[in-house]
Structures are given as C-alpha cells and as structure tokens.
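Q: I have this one open in the viewer and would like to go through its pockets, cavities and core with you. Could we start with the pockets?

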Amino acid sequence: MANADKRRILVTGGAGYIGSHTVLALLERGYDVTVVDDLSRGLRHNVPGKRLWEISLQDRAPLQRLFAQYKFDAVVHFAAFTYVDESSRRPGLYFRNNVGGSLELLDTMVEAGVSHIVFSSTAAVYGVPAQIPIPENIPFHPVNPYGESKVMVERMLGWFDRIHSLRNVSLRYFNAAGADPQGRLGEEHDPETHLIPLLLRAATTRQPITVFGDDYDTPDGTCIRDYIHVTDLAEAHALALDWLLGGGASGAFNVGTGQGHSVREVMRVVEEVTGTAVPFAIGSRREGDPPALVADSAKLRRTLAWTPRYSDLHQIISTAWNFERRHATGRRRGVG
C-alpha cells in the first residue's frame, strides 16, 4: 500500500452510490479527499464534512481553479450517467456527460501535472460476451450508448497514457449492491433500477416487482448476474489507487465474485432476510439482456491482492435491508 499520509485525492461523482462508499474507504486509509459532484444524480448528504465542491466536469474554469488551489496526487473518476435504458433514449446526453466531462477532466489533469487516475468503468463494455466468466482480454462490444461511452473513455485513457504518461486503472464491474456495513450509506437512486433495493421495497410496500423474463436458458429461467458488495468494490478502487501511487503500471481489471445468482435466487434470499414474501409478476424480456453475466476477477485478485469480504449474497442483502429500513423510517418522518 502506498503511504496515504498527506496524499490528496480528488473523487469525481463522490456524492453518488459507489463514489461515496469509496470516499469512506479512502478516508479510512488516511487519504485527504476532495469531492467534485454537480449533484445532478448525487446526494449532498453522502459527502462528509466540507469536502464537496459542486462543479460540473463540463465547466472547465472552476475545475481548473480547483486543481490550482489543491495539488492533487491522483483522481478517482466516477462522475457519469449510468442508466442503460436512458442512454438508449438519449445517447447525446451520455456522450456529452460521460465522454465530454471525462475529456475536460483529463485535459485539466495534464495541465496541472496530475498523472494518476482510477476510472470507474463497467463490464457493459463487453456487451453480450462470448464466454462466461468474462476475462479482461475479450474485445469491446458494447450494445448500448452507456457501455459505448465507457469504451470511449477507456480508449482516451490509453492515448493519454501513451502521450502524457497519465497512468490509469479502469475497473469493470456489473452489479454493485448492498450498503455500508455500519449503515452510514446505501442505495438512494431516483429512479431506482437495481434489483435488490427494488425487491426490498416490494417486500415492504407489497407492490409487486416485475421480473423481466423467466424463459432464459438458465437453471430457473431467470437472468444470472454477478453481485459485488459496494464496500468490496470501494476497496478495489482504493487498492487500484495504492497501486498507481506505488508506481504500478496502467491496466484494466474486472471486479466481481466470479459467482452468479439468478433473479429468483436473489428473491429467495430477500425473503429469508426480511421474513416476508416478495410479490412479483413475470413480464417480458428486456431487449439486450443476456442470460448470464459473470466476471472473472482473477487478475485483480492476483495483481492487487483484492479479496471480497462482504459479497456473500446473504451479507449483501442484509446490509441493504438494514439501510432500507433506516431510510424508510426517515422517509416516513420526512427526513432525507
């Protein structure tokens, strides 16, 4: 691990779900963290203390002033729109925000002499993969503008590394889930599209959730996905940062457990944890949904000595349920 003392790190999108959990992980390692977020999708209360600067990455001037004021040692870059369906309706929005904002950030980093960045990518860069588990060396083949926008940023990082020696690590993952084990943070998306919080809310509200297809070529007919606890994912970002600051080379890593769980399996564990049957209805398949997506994370485990600690499915759902109960109580009281 690199010496974190007095290392100043900029986290873009640090008011979001994964970004805020990573901010906690970095603070706990002794890094001095500054957060940039325009709050279009992030939440102010996710950022501790007075660390938040409300800036859009597409607004270059205040970004330049921030880099001039603080001598950052590295950047962890989350700021992006992430809804697949929205990207298919509004591709311009995704390319402008995800690619354009990233380009402004990279140019500003080069100007300021900051030469290390950890990029929050996605396994959506693979599209519908030809092999499972998915290794890092298969070709990019995104099937939606969201995945394409991440491919474009990864390609930009390659060129900035070659031309400007901007060392970078891209982390590719599918299904971040769960909540901070201490209950400080969790999923608060609006709208919420992730399976586990939707199942928990269905168990609480008794409003049925729609399962998109039960006729896939899987053991129970529902889609299989690789779920990674958000705290384990945050740890992967912290280890990637340590790697770069310690002189490690640029690279890309999958982040996952290597084990897939079907929608029905996740639903059964939600019912075990909550003690409540989940009401659901079977709907039609969503276009482009592959039967199974599971990441091969052997390279990450081998190179960065990463080991997931919280990603047992029961642990994931238990931490999410703990947060959901607290948050639901707050909503009933008009808090948050």
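Q: Which classes of residue make up the lining of the second largest pocket, and how many are there of each?
A: This is a predicted model, and in it the lining of the second largest pocket divides into five nonpolar, three polar and six charged residues.

Q: What volume does that second largest pocket have?
A: The volume of the second largest pocket comes to about 220 Å³. It is lined by 14 residues, and those closest to its centre are Ala25, Glu28, Arg184, Thr231 and Arg309.

Q: And which helices supply at least two residues each to that lining?
A: Helix 1 and helix 7 each do so for the second largest pocket, and the largest share, four residues, comes from helix 1.

Q: Switching to enclosed space, how many cavities of 30 Å³ or more does the structure hold?
A: The structure holds one cavity of that size, and about 70 Å³ of space lies in the largest cavity.

Q: Which residues line it?
A: The lining of the largest cavity consists of Gly178, Ala179, Gly186, Glu187, Pro197, Leu200, Ala320, Phe323 and Glu324; by class, these are five nonpolar, two polar and two charged residues.

Q: Which helix gives the most to that lining?
A: Helix 10 does, with three residues, while helix 6 (195–205) and helix 10 (313–333) are the helices that each supply at least two residues to the lining of the largest cavity.

Q: Okay, now the core. How many residues does the largest nonpolar core have?
A: The largest nonpolar core has 35 residues, and the ones with the most contacts inside it are Ile9, Leu26, Leu171, Leu241 and Val255. Elements giving two or more residues to this core include strand 1 (8–12), helix 1 (17–28), strand 6 (167–172) and helix 7 (230–245), and the largest share, nine residues, comes from helix 7.

Q: What does isoleucine 9 touch?
A: Leaving out residues up to four places away in sequence, isoleucine 9 touches Leu26, Tyr31, Asp32, Val33, Thr34, Phe72, Ala74, Val76, Leu241 and Leu245. Apart from the largest core lies another core, of 22 residues, among them Ile55, Leu57, Val75 and Leu106.

Q: Last thing, what pLDDT does the chain average, and where does it stay under 50?
A: The chain averages a pLDDT of 93, with 96% of the residues scoring at least 70. Over residues 330–336, however, pLDDT stays under 50, and for that stretch the model has three contacts beyond four places in sequence.

Terms used: Residues are numbered from 1 along each chain as its sequence is written. This is a predicted model: local features need pLDDT of at least 70, side-chain atom pairs count only at pLDDT 80 or more; totals for chains, interfaces and linings use all residues. Side-chain values use heavy atoms; hydrogens and water are left out. On a 1 Å grid over the protein atoms alone, a cavity is a set of points where a 1.4 Å probe fits but cannot get out, and a pocket is an open set with protein on both sides within 12 Å along at least five of seven lines; lining residues have an atom within 4 Å of a point. Grid points are joined across faces, edges and corners, and a volume is the space filled by probe spheres set on the points. Ala, Val, Leu, Ile, Met, Phe, Trp, Tyr, Cys and Pro count as nonpolar, Asp, Glu, Lys and Arg as charged, and the others, Gly among them, as polar. pLDDT is the predictor's confidence in each residue, from 0 to 100. Contact means heavy atoms within 4.5 Å. A nonpolar core is a set of buried Ala, Val, Leu, Ile, Met, Phe, Trp, Tyr and Cys residues joined through side-chain atoms within 4.5 Å. Buried means under 20% relative accessible area, exposed over 50%, partly exposed in between (1.4 Å probe, protein chains only).
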